[in-house]
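Biologist: I should be grateful for a close look at a single part of this model, the surroundings of the ligand. Please then relate that part to the surface and to the salt bridges elsewhere in the chain.

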Amino acid sequence: MSDNKRLLLIVSGGIAAYKCLEVIRRLRERGHAVRCILTKAGAEFVTPLSLAALSEDKVYDDLFSLTDESEMGHIRLSREADLVLVAPATASILAKMAAGIADDLATTALLATDCPVVVAPAMNVRMWEHPATQANMAVLEARGVRRIGPVEGDMACGEWGMGRMAEADAITAAVEDLFSGRGRLAGRRALVTSGPTHEALDPVRYLANRSSGKQGHAIARAFSRLGAETVLVSGPTGQPDPAGVETVHVETALEMLAACEKALPVDAFVAAAAVSDWRIAQPATDKIKKGKAPPLDLVENPDILARLAGAGNRRPGLVIGFAAETETVVPNAAEKRRAKGCDWIVANDVSAGTGVFGGDTNTVHLITAEGVEHWPPLAKDAVAERLASRVADALDKAP
Ligand code: CTP
């Protein structure tokens, strides 16, 4: 059993609130202290009495209770915890957290806390997929807030999709991992490339592609969440640097290669960047004027994935490439796996109309020496989590 820790559990309003009773029971069984804040909406779904009985502690539900403030001010409440868990986390509480709004005890405690925060989102699939919720979640994750779920399944509203709160055992396991400072990739080093590269034509123009960096950044976050010391080498993207990840910003393929070689040795390397295959041999030193056609004298860029896969005794333990294809996706990707000497390749269809470039979801096929796995359409974050967890499985098994 790990040392006893203190959890501050914030229960906001949602039908999934009943699951947090089981989380409290399990954590108490393992000897951890759980103190609960129940929001007004949360109290519509579970009673303060149930939370108090299971946590064997007082339940806090009113910011302006003078007795509470004198016994246990909201600042102390948030500081005297090793971890804050928001479960269920509604779209509304995520939005307030992202904006720094503190208008009740729960949100005030969240703004005042200096300990790690975990959220277990639970909401209708459309609310989860709404750009506002996705943007709020991205802001929170970039600030270091960890997320468990949501998962796909039937919803209380009768719809099916992503938005169900993770189950009590997954939440308990994640909380315990964080309590013990242990993650499945603790002690491992991971390297991820992300985004496009920009290859200069002249001081103001460049060759680039449509990569947004969303998938690569999500993979770096997922590795870091599992405890890996993670280096992210990113081309120019609009993505925020993930908290807790060493992010190296580069522009060109040559810079990306140099940064990757510098980060070696690593246990796992994921090449998610859309590296430009070519660069301009001699970019103009001055801006090319309108009347003149730019000289497109292209030379091939080094293949970063192939270079690292063939790096001899500095080769990463597990080398994973991506394959962006628009036709015969799986056979082309399988051939890329062979040609580049990587262990796994994640194939995705980036044809016009799939919305992969810049979008939030991805349908991928994982190609390994054992064969091909067809994954269902998933949020890019979910693809990242699955991949990181598969990497942890493979490294556990490696000699
Ligand atoms: N890659 C790389 N360095 C390059 C080109 C690609 O590391 N100079 C990596 C990508 O990060 C990805 C994989 O190789 O993991 C495949 O990239 P992709 O663009 O699908 O394939 P290419 O090798 O560029 O081949 P093609 O454009 O002919 O499909």
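Modeller: The account below begins with the ligand and then turns to the surface and the salt bridges. Please bear in mind throughout that this is a predicted model.

The ligand is surrounded by 14 residues, and the closest of them are Ala271, Ala273, Phe322, Lys336 and Lys340. By class, the shell consists of nine nonpolar residues, one polar residue and four charged residues. Three elements, α12 (304-309), β17 (318-325) and α13 (329-340), each contribute at least two residues to this shell. Strand β17 provides the largest share, with four residues.

Backbone atoms also approach the ligand. A polar backbone atom of Ala273 lies 2.6 Å from an oxygen atom of the ligand. For Leu305, the distance from a polar backbone atom to an oxygen atom of the ligand is 2.8 Å. Ile304 places a backbone N or O atom 3.0 Å from a nitrogen atom of the ligand. On its own, the ligand has 570 Å² of accessible area, of which the protein covers 77%.

Helix α13, one of the elements that supply the shell, also carries a salt bridge. Its partners are Glu335 and Arg338, whose closest N and O atoms are 2.7 Å apart. These two residues are three positions apart in α13, which means that about one helical turn separates them. Glu335 counts as partly exposed, because its relative accessibility is 39%. Arg338, by contrast, is exposed, because its relative accessible area is 59%.

This pair belongs to a wider set, for the structure holds 28 salt bridges. A further pair within a helix is found in α1 (residues 19-29), where Arg26 and Glu22 lie four residues apart, about one turn of the helix. Their side chains meet in a salt bridge with an N to O distance of 3.0 Å. Arg26 is partly exposed at a relative accessible area of 24%, and Glu22 is partly exposed at 26%.

The salt bridge of Asp57 with Arg35 has its closest N and O atoms 3.1 Å apart. Asp57 is in the loop between α2 (48-55) and β3 (59-60), whereas Arg35 is in strand β2 (residues 33-38); the pair therefore ties together parts that are 22 residues apart in sequence. Both partners are partly exposed, Asp57 at 24% relative accessibility and Arg35 at 22%. Elsewhere, salt bridges link Glu141, Arg147, Arg221, Arg225, Asp381 and Glu385 in a network.

On the surface, Trp278, Leu296 and Leu298 form a nonpolar patch, and together they have about 310 Å² of accessible area. Trp278 is a residue of strand β15 (residues 278-280). With a relative accessible area of 44%, Trp278 is partly exposed; membership of such a patch requires over 30%.

Finally, Ala352 occupies the loop between β18 (344-349) and β19 (361-362). Ala352 is exposed, because its relative accessible area is 82%. Between the C-alpha atoms of Ala352 and Ala311 there is a separation of 35 Å, and the two residues are 41 residues apart along the chain.

Note on methods: Residues numbered from 1 in each chain as written. Predicted model: local features only at pLDDT ≥ 70, side-chain atom pairs only at ≥ 80, totals over all residues. Heavy atoms only, no water. Near = heavy atom within 4 Å. Polar contact = N/O pair within 3.5 Å; in protein donor to acceptor, adjacent residues only side chain to side chain. Areas by Shrake-Rupley, 256 points an atom, 1.4 Å probe, with all protein chains shown as cover. Nonpolar A, V, L, I, M, F, W, Y, C, P; charged D, E, K, R; others polar. Patch = residues over 30% accessible without salt bridge, like charges linked within 9 Å, V, L, I, M, F, W, Y side chains within 5 Å. Salt bridge = Lys/Arg side-chain N within 4 Å of Asp/Glu carboxyl O. Buried < 20%, exposed > 50% of the residue type's maximum accessible area, 1.4 Å probe, protein only.
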